[in-house]
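Grab your viewer and work through the exercises below. Each one sets a task and then walks through a solution.

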Amino acid sequence: MVGRDGELALILKTKNGDLEAFGELVRTHQSLVVNFCYGMLANREDAEDLAQETFLRAFSAIKNYKPRAKFSTWLLTIAKNLTLNFLRNKRRRGERTEPRRWADGENDPIAALPATNPRPDEALLRKERAQWVHGAMQELSDTHQSIVILRDFEGMTYEEIANVMGCRKGTVKSRLSRAREQLREILLTRDVASEHGATAAQQGEAS
Amino acid sequence: MKCTRVRKELSAYIDGELSPRARTSIEEHLTRCPECSRRKAELVFVVESVRRAGTIEPSASFCADTVRRARTTREVPYPTPVIGRKWAFAVASCLVVGVCALGWLTISASRRGPGPADTLFYEEFAQFARALEQDGLDATVFRSVFLGIESDELIFTADPFGAPDLSGDSIGPMLDTLSEDEERELRTALLELVKEV
């Protein structure tokens with residue numbers, strides 16, 4: 001992991017066409033960008049294609065990058081625009097967006113996690129929960145979904161999310177609140193959710 | 001603080017994004033309101049569930065593939081047609097004549113001021129912007145929209161790389177405030193305007 005100064009040095013080198021420096025920037029930020037795209041598309045292949053496109057666009061336009069914005073924020077802004085356009089075009093062509101479930105181990109984020117608990121029923125429960133949550137997220141608008149991913153997958157502050165989304169901090173706050181409220185309604189009113197919901201309330205009340 | 005207000009603030013409360021004063025007010029309310037307390041518990045569960053929903057590791061070759069593509073993109077020269085000497089001379093002559101003619105036209109146009117087509121464009125533009133302003137929309141976004149027109153579709157972000165510079169009145173947030181029907185209507189209106197231009 002490079003520090004802020006190290007990152008600026010890499011950006012300067014990339015501006016001068018240094019591909020090794022560019023590679024280092026990709027290595028540092030690949031997980032962030034791939035996971036944002038994956039959160040939006042729930043398909044590894046599409047997510048990696050768009051993440052790669054994000055880095056290539058950043059490479060061609062790196063002269064436009066101004067260091068007053070964090071480089072990660074700038075990358076996520078490009079990724080956000082690409083994914084939203086991708087989804088919009090897909091809908092325009094009448095294609096259905098991929099269902100957010102993972103049929104095989106390769107695409108399954110839970111299977112890719114190190115097994116902290118070897119009990120198969122626990123692993124299954126975690127997998128089911130992940131599918132259940134991703135299914136609910138699919139019902140959000142693209143903008144709400146982006147904000148939830150930036151906050152809860154990427155751990156960004158409201159200020160950073162506002163920079164990526166091109167809106168005010170207060171807007172992020174209200175949209176995130178609405179998105180979570182919608183998720184709460186979906187997750188706690190579905191049949192499949194009943195046992196999770198009951199557990200949720202118990203867990204929450206106990207905390 | 002009323003329950004409705006507290007519930008709107010709960011999400012930011014969970015994220016630690018409230019001022020100390022607002023935080024204290026909410027905490028006081030939660031101690032005496034079991035319904036809001038339960039709502040908070042449910043929201044905490046939602047947030048935790050999303051956080052645990054899982055992320056993926058990029059493929060092992062992701063970085064190398066990306067750099068390879070960047071190298072290819074940079075190093076592949078722009079394809080130039082292979083033509084004979086005579087043709088090359090003819091094409092070069094045409095280009096020189098074309099550039100001179102274009103230069104002359106530009107200079108004479110700038111002396112004359114905007115032509116009828118330009119006037120129509122700006123009038124239409126201003127009229128359309130005024131109409132939308134009356135509907136409560138910010139007309140400054142049109143600059144972005146017009147810059148973002150590509151072929152026959154609108155790309156709503158004019159400059160995908162300049163977003164940190166965009167202020168709150170950029171097209172993205174504005175579109176977010178529109179319903180799908182309103183967005184479609186705006187899109188159609190803009191496309192029609194562009195076709196006229």
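**Exercise 1: a salt bridge from Glu9(B)**

Glu9(B) is buried, with a relative accessible area of 11% (buried means under 20% relative accessible area, exposed over 50%, partly exposed in between, with a 1.4 Å probe and protein chains only). A bit of housekeeping before the task: this is a predicted model, where local features need pLDDT of at least 70, side-chain atom pairs count only at pLDDT 80 or more, and totals for chains, interfaces and linings use all residues. Residues are numbered from 1 along each chain as its sequence is written, chains are lettered from A and ligands numbered from 1 in the order in which they are written, and side-chain values use heavy atoms, with hydrogens and water left out.

*Task.* Find the residue whose side chain meets that of Glu9(B) in a salt bridge, and work out where the two partners sit.

*Solution.*
- Step 1: use the criterion, a side-chain nitrogen of Lys or Arg within 4 Å of a carboxyl oxygen of Asp or Glu.
- Step 2: the partner is Lys173(A), at 2.9 Å from N to O.
- Step 3: the pair crosses between chains, with Glu9(B) in helix α1 of chain B and Lys173(A) in helix α9 of chain A.
- Step 4: Lys173(A) comes out as partly exposed, at a relative accessible area of 25%.

**Exercise 2: the helix that holds Glu9(B)**

*Task.* Check the length of helix α1 (residues 3–14) of chain B against 1.5 Å a residue, then find what its buried residues pack against.

*Solution.*
- Step 1: helices (H or I, at least four residues) and strands (E, at least two) are DSSP runs, numbered from the N terminus.
- Step 2: the expected span is 1.5 Å times one less than the number of residues.
- Step 3: for the 12 residues of α1(B) that gives 16 Å, and the end C-alpha atoms are 16 Å apart, so the two agree.
- Step 4: the buried set in α1(B) is Val6(B), Glu9(B), Leu10(B), Ser11(B), Ala12(B) and Tyr13(B).
- Step 5: these buried residues pack against α8 (158–165) and α9 (169–189) of chain A, together with α2 (20–32) and α3 (34–51) of chain B, where contact means heavy atoms within 4.5 Å.
- Step 6: after α1(B) comes Gly16(B), whose phi is positive, near 70 degrees.

**Exercise 3: two helices of chain A**

*Task.* How do α7(A) and α9(A) lie relative to each other, roughly parallel or roughly perpendicular?

*Solution.*
- Step 1: fit lines to C-alpha atoms over the stretch in contact, and take the angle, from 0 to 180 degrees, between N-to-C directions.
- Step 2: helix α7 (residues 142–153) of chain A packs on α9(A) at about 95 degrees, with the axes 9 Å apart.
- Step 3: α7(A) and α9(A) are therefore roughly perpendicular (under 35 degrees is roughly parallel, over 145 roughly antiparallel, 65 to 115 roughly perpendicular and the rest oblique).
- Step 4: the residues of α7(A) that meet α9(A) are Thr143(A), His144(A), Ile147(A), Val148(A), Arg151(A) and Asp152(A).
- Step 5: the residues in this contact divide into 6 nonpolar, 3 polar and 5 charged (Ala, Val, Leu, Ile, Met, Phe, Trp, Tyr, Cys and Pro count as nonpolar, Asp, Glu, Lys and Arg as charged, and the others, Gly among them, as polar).
- Step 6: zoom in on His144(A), which is buried at 13% relative accessible area.
- Step 7: not counting residues up to four places away in sequence, His144(A) touches Arg175(A), Arg178(A), Ala179(A) and Gln182(A).

**Exercise 4: more salt bridges**

*Task.* Which residue forms a salt bridge with Asp15(B), and which network do Asp15(B) and its partner belong to?

*Solution.*
- Step 1: a search of the whole structure turns up 21 salt bridges over all chains.
- Step 2: Asp15(B) pairs with Arg151(A), and the closest N and O atoms are 3.2 Å apart.
- Step 3: this pair also crosses between chains, from the loop between α1 and α2 of chain B to helix α7 of chain A.
- Step 4: both ends are buried, Asp15(B) at 10% and Arg151(A) at 13%.
- Step 5: for contrast, look within a helix, where Glu27(B) and Arg23(B) meet in a salt bridge at 3.6 Å, N to O.
- Step 6: Glu27(B) and Arg23(B) are 4 residues apart in helix α2 of chain B, so about one helical turn separates them.
- Step 7: Glu27(B) is partly exposed at 33%, and Arg23(B) is partly exposed at 29%.
- Step 8: salt bridges that share partners join Arg151(A), Asp152(A), Arg180(A), Asp15(B), Glu48(B), Arg51(B) and Arg52(B) into one network.
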